[in-house]
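Got a minute to look over a model together? Here's a quick briefing to keep beside the structure while you click around.

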Amino acid sequence: MTTLPKQWTSIEELAGDPAFAKKIAAEFPVAASFPPTARRDFLKIMAASLALAGLTGCEKSPFVAGIPYVDQPESALPGVPRHYATAVTLDGYAQPVLATTYDGRPTKLDGLPGHPATQGRSDVFMQAAVLQLYDPDRAQSPTRAGEPVTWTDVGAMFSDQRREWQKDGGKRLRLLLSQTTSPTLVRQIRELQSQFPAARVHLHDTSGERERIAHAIAAYGEPLDLHYQLDACSVVVSFDDDFLGPGPRQLLNAIKWAQARRRGDVPGIQLHCAESIPAATGAVASYRLRAAPSRMPHLVETLAARLGVVGASVNDLSAEERRWLDRTGAALNAAKGRALVTAGLGTGAQTARWVAQINETIGASGQTLKLTSPVADPGVATASLDELVIDMNTGQVDTLVILDANPVYTAPGSLDFASALSKVKTSIHIGLYRDETGHRGTWQLPLTHDLESWSDARAVDGAATIIQPVMTPFYDVRSRHQIMAMMLGRDQAADESVRKTWRDAFGESFDAKWQQALRDGLVAGNAPEIQATPVSGKIEPAPPGADGSDIAFRLDPTVWDGRFANLGWLQELPKPLSTLTWGNVVAVSPAWAREVEVENGDVLEIDIDGRKVSGPAWIMPGQADNTFGLWLGHGREQAGRVGDGIGYNAYSVRPAATPWLAQGAVRKLDRKETLAVTQLHHRMEGFDLVREVSVASPTLPAPSPQPSLYPPHPSAKNAWGMVIDIDSCIGCNACVAACTAENNIAVVGKAQVEMGREMHWLRIARYYVGDVETPRSYFQPVPCMQCEDAPCEMGCPVHATTHSPEGINQMVYNRCIGTRTCSSYCPYKVRRFNYLDYRYTPEAPAEPVHNPDVTLRSRGVMEKCTYCTQRIQAAHVAADKDNRDLRDGDVVTACQAACPTRAIVFGDINDPDSEVSKLRRSGRHYALLEKLGTRPRTTYLAKWNDGSDDEDDRT
Amino acid sequence: MTQIFSPTADTWLRLAVVGFLSACGASLVAAIGFARSSYVTSTDIAPHQPVPFSHRHHVGELGIDCRYCHADVERGPKAGLPPTATCMTCHSQIWTHAAMLAPVRQSLTENKPLRWTRVAKLPDYVFFRHDIHIAKGVGCVTCHGRVDTMPLTYRARAFTMQFCLDCHRDPTPNLRPADKITDMTWKPAGPPRDLGARIAAHVGIRSGELTHCYVCHR
């Protein structure tokens, strides 16, 4: 075992700030400043409370209506969930899901089991998609200049337009698309192009897929998708490529990374990561190098030189960089055929070319790197957004159709899309919301949500899913294929276009194949592999460091490019590493913060080519010097009631030419903003919260038995337990989002989060070890520990929390009187108190999204993780009806199901053959705050320290 | 020196103490009595229904099985109120013009569901499932009473926590063979506990695990 040095959670803690110590000493930060209550007042209040307490029992059970069907469909069974295979989309890529519906209302999405791209796992965007379906701020009917119109009016408009387009072959018609993988949409766009050959199609994507393809063209001479086969790797080197971070590829990469990591008795994959702004990939890397984005071309060329790539020369490097490269080069040489080098978006085309050369040299192609033609292919020649803006400004565009994009918000600030849009005669915005673009356009045509649509899309691996609706639309909306059909001069039913595409593809026995595809959520076959060799020829040397600072742009890990800004679930999700909710920050390096005397929350002004934006600072431990990080996706004006006016809009300073990395200046303003950061809430007092093992000493010391004065609880046949492997955790938050969806967790808003009142039953605690410049990061998901000797149970004055024979600390809401004693007794700080009534929000009817099997908690009630007791009970009922015992895997908690790396395992610890029992026998197994003698049922597996034990080397 | 206390003062004091204690006791008894009264538990009250449906006629006299109308009872948590179409299986043939059935015919023609008043209802924080109770041998009559004798349906039992727990603690006297679940008049031949114990062993009732909170509350 390696004894870790001091673990810290924030820079204030590391610095030993006394104000900080005072703040965290309070059980509830907001209660730290209560005025002292006079004894007499206290007695008066208590007397009244006690006198009235009994009255709550006098509630008379009312008679309510019971409403049956008129003619009940045979499959409709009230209260019994039904599951449908379909998909939601992110950046145009399918995220195949299994949708759970109750009485025709979807309540929960999970990754589709059996699909190679999800394997039943999910990410935060997939989990939150179901909330977007019920968003009351969605566009609910077509509008013209803000006035509601009917679809008949829209049809008439399109026939008028078509007459205009036919005059000159659509010369003055432009179609602006976001990225798509839908075969049906591609077919329709092709048809539109053949009807109006002079019309041009432009592609605007916010997630950098266009740059990805451009890099592939630079490196390989043709457009390609690079598929990382991480499961075949034993060494991976990343140059500012956060492939384990959020995005459409996160799920597949994380699944494969975890498979490789668990390949043997010791970690099967080692990550070397050169990183500018700390993110998930760097956090789990064995060797992390702190390097500014503009250093990446130099680093990668030097690495190429060491590996003997022709034409590469050695650049000037710092000692730190040299040490990392020595190790990385040696590791790559030792693992040829099992190694992979990757580069991120902001690192430039030269880096991409060097990386391709290195991958060729180390034998990655075909082994650890699979190349395919792009999965997201619009099927016609497309031009860029820049060209569209030029044409709009020069008056060459009469009609602009914007399909599922919000360029007024997401276009780089240098383009000034809004003023260009005002020069277009007719602009038609087709989208889910009447957003910034919808408000400025002439027409706004509302789209169906993916869960209400007939459509199709391909997952990142190229496998197609036919998207089937799981409910009829709430609002007067149409699918993109119906609207495209209107543009093509037809009025089509929602599923007709999709059926046509697949009738052509399936050929014979269409009906059977169609049914099979709908049932499976998958059309067999994925993108075929392509053999490509890197472009040879001289690679220009990287330019010397420019003046000004590196300003890197990142998509927000929770609201992505801004499209999810109106989803409270995502806004309130603590972002990995910073644990920030409700907003975005400017990430600065600790050295710069010391030099300019900046504290967290001080407002900074970023100046890129004269365009300015200001946002609060966040000192990011481990960030490269001379580098600033901006997050896109916030600062929205027309997102809806939840998402408006949160954070700053980084798109406004984004240069169109280099959208991921810019040079600019940063200065401190004289203001401060409060940040809703959760890491300091629910703090545990103790040490060794996260533990490590190394290859040299792979076993933690056996725990010493803790004596207890309490008699042991008799156990039922099943005894539930959970083991969380912190070595596998990448801090992606999928578990927290899944728990929110499964357990009806309330969203409390920024002000309440600042007071420490967030309601998540599961938190991903983040710890640092080491100095602030080059710390090592640890993620630790902390749900309720379900202690066998639970302090909370001993504390409750009304027995509202009791011990079940299966070992769960049961929280009985209807008994709880809200003393919060249990929470102050809880050493793990996993209990959450309802300070306000979050059950019914009249202006946002979210009831249909609630899981009907879980109580909505009222004000004044404590709540906490229940190990998804509704799933345990459902499994018991199913097994009891068959009169059999529960089998391992019958109960899967929501967090466990979501986790892409299978870091969370739940099961019966009385069964020695269950997966959880096997993990509990591992040498890495330990209990949190074991010395307290609480005997928790939730336990952990220590992180592997597979890097060097030498602190300085591990940077 | 004048006496502060009169000769009767002691008696008054004793009376006051006794009176106070009996008032406390009486209010306790009254409160418990009130909470258990049919006023609070809504037992023995037949609420107004759009159609005066008689279980006595349909079950007791015609002998229609419970599951003919409450068809989901073995498959899901809810027994299910019969859809209008179920009523019309018979009433499209008999009593086709009865005034009493006008709302049913109207529901069918307008495709609008009937709005019944639910008689049996548990609080929202109780998660009850019909299917498992039936699978384990709890008869309809145990909770719903002699529905076959009710001209208008009323709540036969107060669904108090005690009512549920009595059976969850010791289900054996209330179990019956699978083919007698809907039988309103069935009585065990011997002592109910003997048969119940045999059934409990046969269907695998997890005795002792059924009283913890999360079985019903979550």
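What follows is a short tour, topic by topic. Keep in mind that this is a predicted model. Good places to stop are the buried strand E11(A), the open sheet E3-E4-E5 of chain A and the contact between chains A and B.

**A covered strand and its partners**

- Start with strand E11 of chain A, residues 235-239: 5 of its 5 residues are buried.
- Side chains in a regular strand alternate between the two faces of the sheet.
- In E11(A), Val235(A), Val237(A) and Phe239(A) point one way, while Val236(A) and Ser238(A) point the other way, and all of them are buried.
- Strand E12 of chain A (residues 270-275) pairs with E11(A) in the parallel sense, over 5 bridges.
- Within that pairing, Ser238(A) has Cys273(A) as its bridge partner.
- To get from E11(A) to E12(A), the chain passes through helix H8 (residues 250-261) of chain A, making a right-handed β-α-β crossover.
- E11(A) also runs parallel to strand E14 of chain A (residues 339-343), again with 5 bridges joining the two.
- Look for Val236(A) opposite Leu340(A) in E14(A).

**The open sheet E3-E4-E5**

- Here 3 strands of chain A line up in the order E3-E4-E5, with antiparallel pairing, and the sheet is open.
- Strand E3 (82-90) and strand E5 (105-111) of chain A sit at the edges with a single partner strand each, so one side of each has no neighbour in the sheet.
- On average, neighbouring strands of this sheet are turned by 40° against each other, ignoring direction.
- E3(A) and strand E4 of chain A (residues 93-102) run antiparallel and are joined by 9 bridges.
- One pair to find there is Thr89(A), which stands opposite Ala94(A) in E4(A).
- Helix H4 of chain A (residues 124-133) packs on the sheet and touches E3, E4 and E5 of chain A, and its direction makes about 165° with that of E5(A).

**Two crossing helices**

- Packed helices are described by the angle and the distance between their axes.
- For helix H18 (residues 496-506) and helix H19 (residues 510-520) of chain A, the axes come within 10 Å and cross at roughly 115°.
- That crossing of H18(A) and H19(A) is right-handed.
- Which residues of H18(A) and H19(A) meet? From H18(A) come Trp502(A), Arg503(A) and Phe506(A), and from H19(A) come Phe510(A), Lys513(A) and Trp514(A).
- By type, the residues of this contact are 4 nonpolar, no polar and 2 charged.

**Where chain A touches chain B**

- The contact draws on 37 residues from chain A and 43 residues from chain B.
- On the chain A side, strand E2 (65-66) and helix H26 (869-881) each supply at least two residues.
- H26(A) gives the largest share of that side, 6 residues.
- The chain A side breaks down into 17 nonpolar, 15 polar and 5 charged residues.
- Strand pairing spans the two chains too: E2(A) runs antiparallel to strand E1 of chain B (residues 116-117), joined by 2 bridges.
- In this pairing, Ala65(A) stands opposite Thr117(B).

**One loop residue**

- Phe687(A) lies in the loop between strand E29 (676-677) and strand E30 (692-694) of chain A.
- Is Phe687(A) buried or exposed? It is exposed, because just 11 other C-beta atoms lie within 10 Å and the cut-off for exposed is 12 or fewer.
- Phe687(A) and Leu928(A) are 241 residues apart in sequence, yet their C-alpha atoms are 9.2 Å apart in space.

Notes:
Residues are numbered from 1 along each chain as its sequence is written. Chains are lettered from A and ligands numbered from 1 in the order in which they are written. This is a predicted model: local features need pLDDT of at least 70, side-chain atom pairs count only at pLDDT 80 or more; totals for chains, interfaces and linings use all residues. A residue is buried if 20 or more other C-beta atoms lie within 10 Å of its own, exposed if 12 or fewer, and partly exposed in between; C-beta atoms are placed from the backbone. Helices (H or I, at least four residues) and strands (E, at least two) are DSSP runs, numbered from the N terminus. Two strands pair if DSSP finds at least two bridges between them. A crossover is right-handed if, with the strands pointing away from the viewer, the path from the first strand over the helix to the second runs clockwise. Axes are lines fitted to C-alpha atoms, for helices over the stretch in contact, and angles run from 0 to 180 degrees between N-to-C directions. A crossing is left-handed if the near helix is turned anticlockwise from the far one by less than a right angle, and right-handed if clockwise. Two residues are in contact if their C-beta atoms, placed from the backbone, lie within 7 Å. Ala, Val, Leu, Ile, Met, Phe, Trp, Tyr, Cys and Pro count as nonpolar, Asp, Glu, Lys and Arg as charged, and the others, Gly among them, as polar.
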